[in-house]
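Hi,

Here is the structure I promised to pass on. Have a look at it first, then read my notes underneath.

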Amino acid sequence: MSENQNNPLKAFFRKPGIWIKLPSQGKFYHTPLAELNAQGEIPVFPMTAKDEILLKNADALLNGSAIRHLIESCVPCIKDIDGIPAIDLDAILVAIRRATYGEKFEMSTECACDTKTTTEFVVNLDAIISSIKVVDEIKPIVMDDGIKVYVHPVNIKSLLNLNWIQFEQMRNLQLADQKGMSEDEQLKLVNASYDILLNTSIQSVADCIDEVLMPDLTVVTHKEHIREWATQLARPEFKKLEENLLSLSDLGINKKINVQCANCDKQYEATIDLNPTTFFG
Amino acid sequence: MKLLKSLEAETKAIIEDIATLALYSGQSYNELWNFTHEERLIFSKVLQSKIKIDKGIKPSQELTQGMV
């Protein structure tokens, strides 16, 4: 199935399904985007059967190769896939789904009322795509001690790496439980897993910091100094940084939908789940 | 486990879809993997019409819900 990989005509096999505006407008990428038109839009192609089948492979989904391959195939103008900022990822996934299966996306949510009624509804992906917002600037995160942290969005490489490490640690713990390890050994393993996750998380956050402005207006840009500072932060402070960085990915696209419960008539907010395992199912 | 089984079932369904199209249309199995979802739907619809015409069934002779 890979005989076409080196074919110079590969890009001409399919016609672009749609053109979308990227929230980042090409900022934060190491390699400039090819084919960005005058309106700042890029072409997105529909998935082929080959792409669809890769999204059904659990291992490829977990280690991130399914997502990398999907973007390489459907958004060929992005060359630096690992460097895609998270603010663009959601818009890209919605556009690929729209280009492949059309504008309707059926989903269901459960109301928090006593009966836990499930409401099924159809989301119009065109409406979501047309409401993509361009992120002009990212405001610095102001810490309690007056330090200002200038950041850029987390990229796909960090996101996928974090997901993979989380999964690996969880699998190790499950295996330890199945092998019948003693409580002491299990505790050691839990602690080791926690350390690995924490270090990866600190590294991901530190990687997103461009500079730190201290109250006396001294600017720190040295990567290692920033990482060391992030490691020493108190838990609430670190959480503030982490949550602010994660919330950046919600800037470009509105994933919130108002739903009315079929049982209690109460309106509540549901979020469109863009997890590729279910979103492309 | 339930998710894994569902992914496996969906994989088999796509392969079966491609194999059916390849067998009935005579197109290359490898080439059909480059078809998009919409192209496969259109291809399948056109193929069904062709098979009916080959069998001598005119569209006007088809038994439809409205005639019952």
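Below are my notes on confidence, salt bridges and the main pocket.

First, some housekeeping: this is a predicted model, so local features need pLDDT of at least 70 and side-chain atom pairs count only at pLDDT 80 or more, while totals for chains, interfaces and linings use all residues. Residues are numbered from 1 along each chain as its sequence is written, chains are lettered from A and ligands numbered from 1 in the order in which they are written, and side-chain values use heavy atoms, with hydrogens and water left out.

Chain A has an average pLDDT (the predictor's confidence in each residue, from 0 to 100) of 88, and 95% of its residues score at least 70. Helices and strands here are DSSP runs numbered from the N terminus (helices are H or I, at least four residues; strands are E, at least two). Among the elements of chain A, strand S6 (residues 148–151) has the highest mean pLDDT, 96, and helix H10 (residues 276–279) the lowest, 84.

Now the salt bridges (a side-chain nitrogen of Lys or Arg within 4 Å of a carboxyl oxygen of Asp or Glu). There are 10 over all chains. In one of them, Arg98(A) pairs with Asp126(A), with the closest N and O atoms 2.5 Å apart. Arg98(A) sits in helix H4 (residues 86–101) of chain A and Asp126(A) in helix H5 (residues 125–130) of chain A, so this pair ties together parts 28 residues apart in sequence.

Another joins Lys255(A) and Asp250(A) at 3.4 Å, N to O. For accessibility, buried means under 20% relative accessible area, exposed over 50%, and partly exposed in between (1.4 Å probe, protein chains only). Lys255(A) is buried, because its relative accessibility is 17%, while Asp250(A), at 42%, is partly exposed. Salt bridges with shared partners also link Glu52(A), Asp17(B) and Arg40(B) into one network.

Last, the largest pocket. A pocket is an open set of points on a 1 Å grid over the protein atoms alone, where a 1.4 Å probe fits, with protein on both sides within 12 Å along at least five of seven lines; lining residues have an atom within 4 Å of a point. The largest pocket is lined by 43 residues, and those nearest its centre are Leu159(A), Leu162(A), Asn163(A), Trp164(A) and Gln166(A). H6(A) gives the most to this lining, with nine residues.

Cheers
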